[in-house]
Amino acid sequence: MRWFVVGLWAATGCNGDKDGTSDQDTDDPTETSDTSSTTPETVYEATVRTTSYGVPHILADDMGSLGFGTGWAAARDHLCTLADQFVIVRSERARYFGPGDRDANIDADFGWLGLGIMERAQATFSTLQEDEQATIQGYAAGYNHYLQTTPEAEIDPRCRGEAWVTPISDVELFAYYLRLGQRGSGINLLEEVGNAQPPPPRSSAQGTTAPPPDRAPPPPIEVLQPFLEPPIGSNGWAIGSDRSASGRGMLLSNTHFPSQGELQWWEMHQTIPGELNVYGAGLLGSAIPNLGFNENVAWTHTVSGTPRFIVVALTINPKQPTQYLYEDKWVDMTSKTHEIQVLQENGSLQTMRRTLYATQWGPMFNAPVVGWTQTIGFTWRDVNAENVNLISVFRRMGLASTQAEFEAAHRETQGIPWVHTMFADDQGTALYVDSAATPNLSEQAVAAYQTFLKTNGAAQLFGGFGLIVVDGNDPIYNWVEDARSSLPGAVPYDEAPRLQRTDFVNNANMNHWMSNPMEPLEGYPWLYGPTGAPLLPRTKMNNRYLMEKNGASGADYLFDLDELESAALSARAAIAEDLLAQVVARCTGAGPVTVRLDDANYEDVDISEACAILSKWDGRSRTDSVGAHVWREAVLSELNEEIDILDSGRLYGDAFDPANPIFTPSTLAPATKDGDPVLEGLAAAVVRLGQAGVALDATLGSVQYGLRDGEKYARLGGQYAEGLIAISTYGGGNSMMLPFDRPPQPIYNDNTDLAKGGYYVNNGNSWVMAMEFTDDGPNARAILVYSQSDNPESAHFEDQTALYANESRMRPILFTEEQIAADPNLEVVELTNAP
């Protein structure tokens, strides 16, 4: 064990612009630059005990000091990424990194000002509970303490000495939380808010309605990924007493988030003796775990696709384009002039001002394809725009000791922004709820929208990108205000989809319907999505694991911790289980196949080797599997579309049956007079793998890899659309200005991200935890696939990555004081900011 003491007397590093000053002051009468409310004289004391794999166990006597220790430890592991994100919420991207490609930094800086993230943080920080304020203040102080006391040589080299690495205020940290809350809404149209400008008024001689040439509408947005899966996702299981070997609750948290950027998870354990003892992971910058467990309750989340915002189509007054029609009357937009600093090529800073506009619903935006013209414009209302309870709900979940307290945290704050929740407890309860903030549309509004969608071109255009557009002139679309809701215009907690059972509940990013196939959830508000519709393969696979006998012998329906971990990492795939044997029977003995792909017509493709490999493949996508990549390229070839993995088409011959949703469709599509789509898919796999230089008989681990500082690490799993629960893919959110890895070019199959040499993975299995409640308390294992630190000089930059690549297993979680004290790699740091 190693022991350190770090206080203000420690060596002070000179890392960039510590006091936040610049070469040019900003005199902005429209906005305040004071974002600090931290009390300077507050004294914090915390003990940070770091165990194997870099996990910090933070011990303190109060929430402020707990936040202090957490902020210090987070900065130690992720300083550069966090500092980069704080630049964003300050609207200073252009100040430090220049205008950006096509002025993207300028538009984004103005976009955040237009969304009012910092302004709302300043206005509402004082409304938080005292302990919540103290937690945020302590975290900001701990982050700053790391900057002030760490020698420059020990700072992450990616941002060492950079001027944009500056101290933060509590309000800036809170603004960052508000930004995270709008991950499912405002962020998606950020630049379109920042560059939204009205067209000139139409004169009597003018006939055009096009936007001005210097502010053309941006290209279409891409809301949906290929094969209908989200860029970030997760699997979550809660197992109750009827399916648990211990008779108590169990939980599987299997998140699929990027391995680079701000959406990384960071593991932590927080303890205030006699008050709080919570273990889990939080997104970078979170002062408390977002998912995890304490002595009595455990929970995890999966991304929910329920809409968080509604786009409003406006009829614009052509003679005054900052007026819109509401209830057949012209209404003036509000406006505010913002200014930012923009770094020039010669190193100087130039002030740029821009006036942005808003309506009664929210900001105007430069709509993709359509723009803002003299007759039509677009705004939106975001249910999370007024949601300031993100830290409140997670803090209360961590403090809960009963199911009633846990649900009260959701009901009374409605702070969950965009995720489903799975819950298990020591009493053997399993609970699912989609408590995420959701617009409360009346039944009349839904009926009116369905009519509007049939007749309005803009609604149809946006609907193709998964967005709902309503008529801004019609007050029928005003959201219902329910006294039971603590969030304006949101569906109250007690009207949200909810299921409590003693066997299991689960979610894999689809809606509530199949939380447990034995008790389908139906009858909830329209925005929560349809029931009875075809299921994505991953949702089927999750439910199959939970419905069947398990374990090495398949002897019973009970899970123990070994079996839960094994299920999470076994890399089974739903489509392979449905069709592999049938495909092998079809391709065995088949002659050469001619297939027309996007780039050419390929004649006489020999599929015999591919077929022989598939005949020996066990249907798993583990690192030692031979055939997994051949199957992937066949079933997800460029010839296939989304419907082919959901219903009858090129893969399946039978239709989806809502009476048997987990196991239909299940039969192979027949050959037709025009050819055999199954054999054509296999031929496409042979062609594309050959072009990528990937041998048909390669092991998956030799061609599918993640990178840590240029070193390759094998990854198990595969694509969402294959029906795996262990995911390895490419994509997801990453707004960093720091360099990050990209796949080699070209891409040979957009559906699978097949590149030269195989598959580069930067998304998928990330934080994976299996836990159980026992008579002696919680027992848990986890793996943080990309490791705890993104500092390439840290000892914990790739240690878990190597463990996952080489052994495909989790590691024990150290939760008790005895386990922490016994760890051979324990290091203890006593922190204080006292002079």
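These exercises walk through a predicted model of one protein, from the whole chain down to single residues.

**Exercise 1. The whole protein**

Task: Find how many helices and strands the protein has, and judge its compactness from the radius of gyration.

Solution:
- Step 1. Count the elements. There are 21 helices and 33 strands.
- Step 2. Take the radius of gyration, which is 27 Å. The globule rule gives 28 Å for 835 residues.
- Step 3. Compare the two. The values are close, so the protein is as compact as a globular protein of that length.
- Step 4. Add the extents. The C-alpha trace spans about 80 × 80 × 55 Å along its principal axes.

**Exercise 2. Inside, surface and charge**

Task: State what share of the residues is buried, then describe contacts, surface and charge.

Solution:
- Step 1. Of the 835 residues, 61% count as buried.
- Step 2. Turn to the contacts with a separation of 6 or more. Residues 24 or more positions apart account for 72% of them.
- Step 3. Look at the outside. The accessible surface comes to about 30200 Å². Carbon and sulfur atoms hold 48% of that surface.
- Step 4. Count the charges. The protein has 53 positive and 109 negative side chains. The centres of these two sets lie 4 Å apart.

**Exercise 3. Thr306 in its loop**

Task: Place Thr306, decide whether it is buried or exposed, and list its partners.

Solution:
- Step 1. Locate the residue. Thr306 sits in the loop between β9 (297–303) and β10 (309–317).
- Step 2. Read its relative accessible area, which is 6%. Buried means under 20%. Thr306 is therefore buried.
- Step 3. Find the polar contacts of its side chain. One goes to the side chain of Ser304, at 3.2 Å. Another, of 3.4 Å, goes to the side chain of Asp434.
- Step 4. Set aside residues up to four places away in sequence. Thr306 then touches Asp434, Thr438, Leu527 and Tyr528.

**Exercise 4. Helix α12**

Task: Work out why helix α12 counts as largely enclosed, and name elements that cover it.

Solution:
- Step 1. Mark the helix, residues 537–547.
- Step 2. List its buried residues. They are Pro537, Arg538, Thr539, Lys540, Met541, Asn542, Asn543, Arg544, Tyr545 and Leu546.
- Step 3. Draw the conclusion. Ten of the eleven residues are buried, so α12 is largely enclosed by the rest of the structure.
- Step 4. Name the cover. The strands include β4 (233–239), β5 (250–256) and β21 (504–507). The helices include α13 (561–569), α14 (574–587) and α17 (642–646).

**Exercise 5. Three residues, buried or exposed**

Task: Classify Gln133, Ile155 and Asn806 as buried or exposed, and place each one.

Solution:
- Step 1. Gln133 is in helix α5 (residues 130–149). Its relative accessible area is 19%, so Gln133 is buried. Beyond its neighbours within four places in sequence, Gln133 is in contact with Phe125, Ser126 and Leu128.
- Step 2. Ile155 lies in the loop between α5 and α6 (170–181). Its relative accessible area is 0%, so Ile155 is buried. Its C-alpha atom is 8.9 Å from that of Cys80, 75 residues apart along the chain.
- Step 3. Asn806 belongs to helix α20 (residues 799–807). Its relative accessibility is 63%, so Asn806 counts as exposed. The C-alpha atoms of Asn806 and Arg715 are separated by 9.2 Å, with the two residues 91 apart along the chain.

How values were computed. Residues are numbered from 1 along each chain as its sequence is written. This is a predicted model: local features need pLDDT of at least 70, side-chain atom pairs count only at pLDDT 80 or more; totals for chains, interfaces and linings use all residues. Side-chain values use heavy atoms; hydrogens and water are left out. Helices (H or I, at least four residues) and strands (E, at least two) are DSSP runs, numbered from the N terminus. Buried means under 20% relative accessible area, exposed over 50%, partly exposed in between (1.4 Å probe, protein chains only). A polar contact is a pair of N or O atoms within 3.5 Å; within protein, one must be able to donate a hydrogen and the other to accept it, and residues adjacent in sequence count only if both atoms are side-chain atoms. Contact means heavy atoms within 4.5 Å. The radius of gyration is taken over C-alpha atoms; the globule rule is 2.2 Å times the number of residues to the power 0.38. Accessible areas come from the Shrake-Rupley method with a 1.4 Å probe; for residues, only the protein chains shown count as cover. Lys and Arg count as positive and Asp and Glu as negative; His and the chain ends are not counted. The place of a charge is taken as NZ of Lys, CZ of Arg, CG of Asp or CD of Glu.
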